[in-house]
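User: Could you take a close look at the interior of this model for me, and at whatever sets it off from the outside? I'd be glad of one connected walk through it, with the residues named.

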Amino acid sequence: MADADVDDLTRVPWFPPVQRDLDLSGEYLVGHVRDVTACAVCLAETLVERRGTDLSLDHVVAGALVHDVSKLAEFDGMESTPVHDLLGHPYYGVHVVERAGLPVELAHVVLSHTSRTAVEPATIEAAIVRRADEVAASAIRWCATDDLRTV
Ligand SMILES: [Fe+2]
C-alpha cells in the first residue's frame, strides 16, 4: 500500500478498464478478493472432501488473497499507471510476493491466475485460484449483461 501510495484499501477499484467499458462503478478490489477467496476455499474443501485431493489450503487462501495485489500499483483511482501500461497484469504482483518473502508457490498462483500471461497453473492450488477468479469476475460482469459471451 505504501509503495502504491494507497491509504484506503477499500477504495481501490476492481478493474478500471472493464468497469469503464461496462459502466460498472462501485466494484472494489477488496470485495472481489473476498469473493475469490471464498470461492477458492469452497472448491478446495469440496475436492478434499469428495476426492481426498492432496492440497495446501493455506496456499489456496494465501494465493487468493494476494492474486491481484498488483492492482494497487496498476491503477491510481480509475487511471492506469506505468506499472499497468508497461508491465501488465500480474507481473508486479510476482515482484511484491517475492519481495515479501512469500513462498514461490504463491508467486506461481499470482503469475498463473490470469490468461494475460502464458503461464498455466502447474499446481492444484493455482488452478483453484484461477477458476475462482474467473467465476468471481464473471459474477461482476454478469451485473452488466445477460450473456457473458458479449462482455
Ligand atoms: Fe482477480
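Analyst: Happy to! One cut-off first: a residue counts as exposed when its relative accessible area is over 50%, and as buried when that value is under 20%. Please keep in mind that this is a predicted model.

Let's start on the outside, for contrast. D23 sits in the loop between α1 and α2, and its relative accessibility of 69% is over the 50% mark, so D23 counts as exposed. The backbone of D23 has a positive phi, near 55°, in a residue that is not glycine. D5 also has a positive phi, about 60°, without being a glycine. D5 belongs to the segment before α1 and is exposed, with a relative accessible area of 71%.

Now to the interior, where helix α7 makes a good centre for the tour. It spans residues 104-112, and seven of its nine residues are buried, so the rest of the structure largely encloses this helix. The buried ones are L106, A107, H108, V109, V110, L111 and S112. Their cover includes α3, α6 (91-99) and α8 (124-141).

Take α6 first among these neighbours. Two packed helices are described by the angle between their axes and the distance between the axes. Here the axes of α6 and α7 come within 8 Å and cross at roughly 170°. With angles over 145 degrees counted as roughly antiparallel, α6 and α7 are therefore roughly antiparallel to each other. On the α6 side, Y91, G93, V94 and V97 make the contact, and on the α7 side L106, A107, V110 and L111 do. Sorted by class, this contact has seven nonpolar residues, one polar residue and no charged ones. Just ahead of α6, the loop between α5 (82-87) and α6 holds P90, and the peptide bond joining H89 and P90 is cis, with omega at about 5°.

Helix α3 is another part of the cover. Its buried residues are V60, G63, A64 and V66, and they pack against α2 (29-51), α6, α7 and α8. Following α3 to its end takes us to H67, which is placed in the loop between α3 (57-66) and α4 (71-74).

H67 deserves a pause. Its relative accessible area is 0%, so H67 is buried. Its side chain makes polar contacts with two other side chains, that of H32 at 3.4 Å and that of D68 at 3.1 Å. Beyond its neighbours within four places in sequence, H67 touches H32, V33, V36, V110, H113, V129 and D133. V110 in that list takes us back to α7, where V110 is one of the buried residues, and V110 also takes part in the contact with α6.

On to α8, where A132 is found. Its relative accessible area is 0% as well, so A132 is buried. Leaving out neighbours within four places in sequence, the contacts of A132 are V36, C39, A40 and L43. V36 is a contact of H67 too. For a sense of distance, A132 lies 27 residues from E105 in sequence, and their C-alpha atoms are 17 Å apart in space.

One last interior spot is aromatic. A pair of aromatic rings is described by the distance of the centres and the angle of the planes. The model holds two such pairs. In one, W14 and F15 meet edge-to-face, 5.8 Å from centre to centre with 80° between the planes. In the other, F15 and F75 have ring centres 6.2 Å apart and planes at 65°, so this pair is edge-to-face too. F15 lies in the segment before α1 (16-22) and F75 in strand β1 (residues 75-76), so their pair ties together parts that are 60 residues apart in sequence. W14, F15 and F75 together form one aromatic cluster. Each member is buried: W14 has a relative accessible area of 2%, F15 one of 10% and F75 one of 7%.

Key. Residues are numbered from 1 along each chain as its sequence is written. This is a predicted model: local features need pLDDT of at least 70, side-chain atom pairs count only at pLDDT 80 or more; totals for chains, interfaces and linings use all residues. Side-chain values use heavy atoms; hydrogens and water are left out. Helices (H or I, at least four residues) and strands (E, at least two) are DSSP runs, numbered from the N terminus. Buried means under 20% relative accessible area, exposed over 50%, partly exposed in between (1.4 Å probe, protein chains only). A polar contact is a pair of N or O atoms within 3.5 Å; within protein, one must be able to donate a hydrogen and the other to accept it, and residues adjacent in sequence count only if both atoms are side-chain atoms. Contact means heavy atoms within 4.5 Å. Axes are lines fitted to C-alpha atoms, for helices over the stretch in contact, and angles run from 0 to 180 degrees between N-to-C directions. Angles under 35 degrees count as roughly parallel, over 145 as roughly antiparallel, 65 to 115 as roughly perpendicular and the rest as oblique. Ala, Val, Leu, Ile, Met, Phe, Trp, Tyr, Cys and Pro count as nonpolar, Asp, Glu, Lys and Arg as charged, and the others, Gly among them, as polar. Rings of Phe, Tyr and Trp (its six-membered ring) pair if their centres lie within 6.5 Å; planes under 30 degrees apart count as stacked, over 60 as edge-to-face and the rest as tilted.
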